[in-house]
Amino acid sequence: MSAVQPFPTLTQPPQATGLAPLEQKPDGGWLVRGYAEARQILMGDVRQAGFKAEIVEKMPGYMTKPVLYQHGQVHREQRSQTARFFTPAAVQQRHMPLIEARVEEIIAGFQRQRRADLNQLAALLATSVVAEVVGLTAAPNAALAGRLDGILHADLNYSDGLVGFFKSLKVQLATLTFYYSDVAPAVRARRKQPREDVISYLLEKKYSGAEIMAECITYGAAGMVTTQEFICVVAWHLLQDEARRQAFLTGEREARYDMLHELLRLEPVVGSLYRRAASELSLTSGSESRAFPAGTLFELDLRAINTDARLLGAHPLDFNPQRELEKGLNNSVMGFGSGPHRCAGEHIAIAETDVFLRRLLALPGLRVEAPPRVGYNDTIKGYELRGFWLSLD
């Protein structure tokens, strides 16, 4: 399947071709548009500089940083120890029964009400799965989703004066509410009876309550927000194209997963990754090599990287799930990142999206009542779809 015209992405205009894969910005940092250059950076001696890293840097030195902001041996150990929660086998054997049961509950509720905001339905599903994997099972999913959403959309740009004070107070209240409503009860329950989840692992490693809360917020951002937005953007594309919708509904799992990865390549939920060189970093771009000093900030434009013609060949902006890629390259290219900090939950996210949309898009009389409003989430540097109302005739 190959389009004559570039695939009409919802979240950005088609990428211009011929842009430099590596370009210095006016502020002195570097914008990265090439896959090969981005891969070298993500595999190099760099530190997380996005996802509010400046806030995490203010954590007391005695506290263990969340896994997203760790590096080196500490990061490798935690990723290896928690990998068992996210493997394809774990998804099929442990998480799939929960995903399928929760999808049936959500779809049944939609059928009773006859209309719903898809973003809210997707949030309920994503939160259910994240809660189970992490261990945040003390509160109803809708309440947990609301509290996490409030924290992840909090305005952290404080200023001096009364306005800044109230902004800070609002964030602190939201964080404390999340801790006492969700984290503390889960910690108490896992101390009494450990389970196969992230909180139990963190308690085994002697994490404090504050450290566990920070980790839970990180997993919430990674697992809830990104998955719910991806579900919405996939649904929007498939509802706009009946042929692709039917191909998705009737295809085998491998074909469906290929479609999902291709949509993520073209519509990456996280639009930019940021890394700062921890030591001098040498990069090769084309036939040229150069060294970047420690402290250099790199902005990796995933939309451009995922459509790098040097990697994808002719027509990189086309929707083509059967595209032949080089061995070892993920179908979504860098839709799930790359390197040591590659998204751990990619298999869960794809499975959730697949199960939910196969049920939703097969409903008789399903129609779009109002198209989504496309906004921007500063935490993940990516799109948000809101007011995406669906109804059943």
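## Helices H5 and H6

Let's start with two helices that meet in this predicted model. Helix H5 covers residues 118-134 and helix H6 covers residues 141-152. Two packed helices are described by the angle between their axes and the distance between the axes. Here the axes come within 9 Å and cross at roughly 95 degrees. An angle of 65 to 115 degrees counts as roughly perpendicular, so that is the label for H5 and H6.

Which residues of H5 and H6 make the contact? On the H5 side you'll find Leu124, Thr127, Ser128 and Ala131, and on the H6 side Asn141, Ala142, Leu144 and Ala145. Sort them by class and you get five nonpolar residues, three polar ones and no charged ones.

## Asn119, also in H5

Stay with H5 for a moment, since Asn119 sits in this helix too. Is Asn119 buried or exposed? Its relative accessibility is 6%, and anything under 20% is called buried, so Asn119 counts as buried.

What lies around Asn119? Setting aside residues up to four places away in sequence, Asn119 touches Gln228, Glu229, Cys232, Leu385 and Arg386. Look at Leu385 in particular: its backbone oxygen is 3.0 Å from a polar atom of the Asn119 side chain.

## Helices H9 and H11

Now for another pair. Helix H11 spans residues 253-266, and its axis and that of H9 come within 11 Å, crossing at roughly 105 degrees. That angle makes H9 roughly perpendicular to H11.

The meeting residues are Phe230, Val234, His237 and Leu238 from H9, with Met259, Leu260, Leu263 and Leu264 from H11. By class, this contact has seven nonpolar residues, one polar residue and no charged ones.

## The nonpolar core

In soluble globular proteins, nonpolar side chains tend to be buried together. In this model, the largest nonpolar core has 104 residues. Which of them touch the most other members? They are Leu136, Phe178, Phe298, Leu300, Phe356 and Leu360. Helix H9, made of residues 209-240, supplies the largest share of this core, with 17 residues.

Phe298 is a good one to click on. Not counting residues up to four places away in sequence, Phe298 touches Trp30, Val32, Ile41, Leu273, Tyr274, Arg275, Ala277, Leu281, Leu283 and Phe292.

## Glu299 in strand E8

Move along to Glu299, which is part of strand E8 (residues 297-301). Glu299 is buried, as its relative accessible area is 15%. Its side chain is joined to the side chain of Lys25 by a polar contact of 2.6 Å.

Lys25 has company. Leaving out neighbours within four places in sequence, Glu299 is in contact with Lys25, Trp30, Leu31, Val32, Ser272, Leu273 and Tyr274.

## Thr11 and its distant partners

Thr11 belongs to the segment before strand E1 (22-24). With a relative accessible area of 18%, Thr11 is under the 20% cut-off and therefore buried.

Here's a nice example of chain folding: Thr11 and Leu266 are 255 residues apart along the chain, but their C-alpha atoms are separated by 9.4 Å. Beyond residues up to four places away in sequence, Thr11 touches Glu267, Arg303, Val374 and Tyr383.

## Two loop residues with positive phi

Lys206 isn't a glycine, yet it has a positive phi of about 70 degrees. You'll find Lys206 in the loop between helix H8 (198-204) and H9. Is Lys206 buried or exposed? Its relative accessible area is 71%, and the exposed label goes to values over 50%, so Lys206 is exposed.

Val333 is another residue other than glycine with a positive phi, near 60 degrees. The loop holding Val333 runs between helix H13 (309-312) and helix H14 (346-360). Unlike exposed Lys206, Val333 is buried, with a relative accessible area of 3%.

## The whole protein

Time to zoom out. The protein has 14 helices and twelve strands. Of its 393 residues, 52% count as buried.

How many of the contacts between residues at least 6 apart in sequence join residues at least 24 apart? The share is 73%. Thr11, which touches Tyr383, and Asn119, which touches Leu385, are two residues to look at if you want to see this in the structure.

Key: Residues are numbered from 1 along each chain as its sequence is written. This is a predicted model: local features need pLDDT of at least 70, side-chain atom pairs count only at pLDDT 80 or more; totals for chains, interfaces and linings use all residues. Side-chain values use heavy atoms; hydrogens and water are left out. Helices (H or I, at least four residues) and strands (E, at least two) are DSSP runs, numbered from the N terminus. Buried means under 20% relative accessible area, exposed over 50%, partly exposed in between (1.4 Å probe, protein chains only). Contact means heavy atoms within 4.5 Å. Axes are lines fitted to C-alpha atoms, for helices over the stretch in contact, and angles run from 0 to 180 degrees between N-to-C directions. Angles under 35 degrees count as roughly parallel, over 145 as roughly antiparallel, 65 to 115 as roughly perpendicular and the rest as oblique. Ala, Val, Leu, Ile, Met, Phe, Trp, Tyr, Cys and Pro count as nonpolar, Asp, Glu, Lys and Arg as charged, and the others, Gly among them, as polar. A polar contact is a pair of N or O atoms within 3.5 Å; within protein, one must be able to donate a hydrogen and the other to accept it, and residues adjacent in sequence count only if both atoms are side-chain atoms. A nonpolar core is a set of buried Ala, Val, Leu, Ile, Met, Phe, Trp, Tyr and Cys residues joined through side-chain atoms within 4.5 Å.
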